[in-house]
Amino acid sequence: MISILVFQLIERLTARFGLAHPLARQITYNEEWLDLDGVALISLPCRISPQEHTTISAGAEHDNGGRDQHTIVDVSLNVPPDADARFVRFIHLFDLEVVQVTHSVIEVTRPQWKKRESVTRGSDQWRGVAGIESDKVKVTKEIKPGWKLYTSCWYSS
Amino acid sequence: MTSITTFAYGLTVRATGLITAAHAWTSLEPTFDFFDLLFLRKRKGTLQSRLSGPTREAIIGKVPVEVWEEIRKWVLVIEMEDKEDSLIRQFSIPCGDEDCNCQGVTKVTWELLKQGTSYCVSLEWLSHGVSLGEFLDRFSSGYGDAIEVSRCRSSS
C-alpha cells in the first residue's frame, strides 16, 4: 500500500514543477536487499497523441499462444523552451542527487555501422546494450537532461 | 517475462532523495501556494499585512523577494530533514539500549544508513517490523501494474 502511495506522491510533486515520473518503479543496478543506490527517472510529461497514454504497449497479454504483437509510433523530439530550466529549478530546490547511469549513446550521424551490413549476422550481433554497469555510474553536479531510452525486463510470476 | 521500454526527455536522480521530497511535499504544497501568492502580490505591489501599526505594515511590504525566497528555502530544508527522519523511523524499532551509540542520533538519514555498520540504527535496527528493505524493494519491483499508464498532466 505504501509504495503505491509513494508513486502518487511523486507524481503530484513532479507535476507541480512541470515534470513527470514516467516509470512505476525505481531503476536498480545492485543486488542488495536494502538498496539505497537506486535511481528514479524524472522526465518531461508526455503523451502519445491522440491518446492519453504515456507508454506504448504491444499488447501481448498471454504467455502461451496468440500471435506476436507489434507497435510502432513516430516520435516528436520537440521540447518546450523552458524544459531544461524546469529540471534545474526542481533539482536545486529539493537538493536531489543527479546520478548518471547511462554508458552508451544511440547515434545516427556516424556511418560506420554500414560496414557490417554485408556480414552475416551471428546471434551475438542481435544482442544489444544490456544492463547498467556499476563502475560507470557516477554522481554529477551537472543538470543535463536529454532523451533517454529505458528498457526493463523482468520475470513476472 | 515482461518488458517495458520508455522513451523520455529527462535525467536520473537518486531515488531516496525523491522519495523524501515527495513525502515532504504533502506538507510543503500549501506553503508553496502561500509563497506563490506572496510573490505575485509582491510583483503587483499589493502585498499587505494585517499587523497593526503603520510601521509594521510598511515593513512587510518592503521585505525583498530574495528574503522571502530564503525563508521558503529554510522551511523546505527543515521539512525535508524531518520527513526523511520520520519516514525511515516508521520502519524501525529503537534498540532501547541506553549505552548504544544510536541514542546520540537525533536525525536518521539515508546517508547514515549508507554508512551502515557503525550504528545499530543501520541494518539490524531497521530489519524489524515492516522493514525498509521491503518498502524499497516494492518500490523497485514495480508494484502492481508496472506498465500502468500514468495520467498525463498538462504542464504549467
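Let's start just after helix H1 of chain B, where B:Gly45 takes a positive phi of about 75°. Keep in mind as we go that this is a predicted model. From that glycine we can walk back into the helix and then outwards to the rest of the two chains.

H1(B) itself has a bend of about 55° at B:Thr26, and a proline, B:Pro30, follows within four residues. Where along this helix do the buried residues lie? They are B:Ala15, B:Thr16, B:Gly17, B:Leu18, B:Ile19, B:Thr20, B:Ala21, B:Ala22, B:His23, B:Ala24, B:Trp25 and B:Leu28. Two of these deserve a visit of their own.

Take B:His23 to begin with, a residue of helix H1 of chain B. B:His23 counts as buried because 22 C-beta neighbours fall inside 10 Å, and the cut-off for that label is 20 or more. Setting aside residues up to four places away in sequence, B:His23 touches A:Leu9, B:Lys83 and B:Leu87. If you look across to B:Trp74, 51 residues away along the chain, its C-alpha atom is separated from that of B:His23 by 17 Å.

The other is B:Ala21. Not counting residues up to four places away in sequence, B:Ala21 touches A:Leu13, A:Phe94, A:Leu96 and B:Met80. B:Ala21 also brings us to the largest nonpolar core, which has 35 residues; the members that touch the most others are A:Ala40, A:Ile91, A:Leu96, B:Val13, B:Leu18, B:Ala21 and B:Ala22. Which elements build this core? In chain A, helix H1 (2-16), strand E1 (39-43), helix H2 (83-93) and strand E2 (98-100) each supply at least two residues, as do strand E1 (2-14) and helix H1 (15-44) in chain B. The largest share, eight residues, comes from H1(B). There is also a second, separate core of seven residues, and B:Phe91, B:Val108, B:Leu132 and B:Phe135 are included in it.

Now for the wider layout of chain B. This chain has six helices and one strand, and from the N terminus on the order is β-α-α-α-α-α-α. Of its 156 residues, 23% are buried. Looking at contacts in chain B between residues at least 6 apart in sequence, we find that 54% join residues at least 24 apart.

The domain assignment of chain B gives domain 1 (14-89) and domain 2 (93-140). How do they meet? Six residues of domain 1 of chain B are in contact with five residues of domain 2 of chain B. On the domain 1 side, the largest share, five residues, comes from helix H3 (residues 65-89) of chain B. By type, the domain 1 residues on this side divide into one nonpolar, one polar and four charged.

Helix H3(B) is worth following along its length. Its 25 residues should span 36 Å at 1.5 Å a residue, and its end C-alpha atoms are 36 Å apart, so expectation and model agree. Buried in H3(B) are B:Leu76, B:Lys83, B:Glu84, B:Leu87 and B:Ile88. Here a general point about helices may help as you turn the model: an α-helix has 3.6 residues a turn, so residues three or four places apart point the same way. Two of the buried residues, B:Lys83 and B:Leu87, are ones we have met as contacts of B:His23.

Crossing to chain A, we find three helices and four strands, arranged from the N terminus as α-β-α-β-α-β-β. Of its 157 residues, 22% count as buried. Among contacts in chain A between residues at least 6 apart in sequence, 58% join residues at least 24 apart.

Two loop residues complete the tour. A:His21 sits in the loop between H1 and E1 of chain A. Is A:His21 buried or exposed? A:His21 counts as buried, because it has 26 C-beta neighbours inside 10 Å. Leaving aside neighbours within four places in sequence, A:His21 is in contact with A:Ile10, A:Glu11, A:Thr14, A:Ala40 and A:Ile42. The C-alpha atoms of A:His21 and A:Leu44 are separated by 8.3 Å, with their positions 23 residues apart along the chain.

Further on, A:Asp95 lies in the loop between H2 and E2 of chain A. A:Asp95 has a positive phi of about 50° although it is not a glycine. With 13 C-beta neighbours inside 10 Å, A:Asp95 counts as partly exposed.

Terms used. Residues numbered from 1 in each chain as written. Chains lettered and ligands numbered in written order. Predicted model: local features only at pLDDT ≥ 70, side-chain atom pairs only at ≥ 80, totals over all residues. Core = buried A, V, L, I, M, F, W, Y, C linked by C-beta atoms within 7 Å. Buried ≥ 20, exposed ≤ 12 C-beta atoms within 10 Å, placed from the backbone. Contact = placed C-beta atoms within 7 Å. Domains from an automatic or database assignment. Nonpolar A, V, L, I, M, F, W, Y, C, P; charged D, E, K, R; others polar. Expected span 1.5 Å × (residues − 1). Bend = angle between axes of the 7 residues up to and from the residue.
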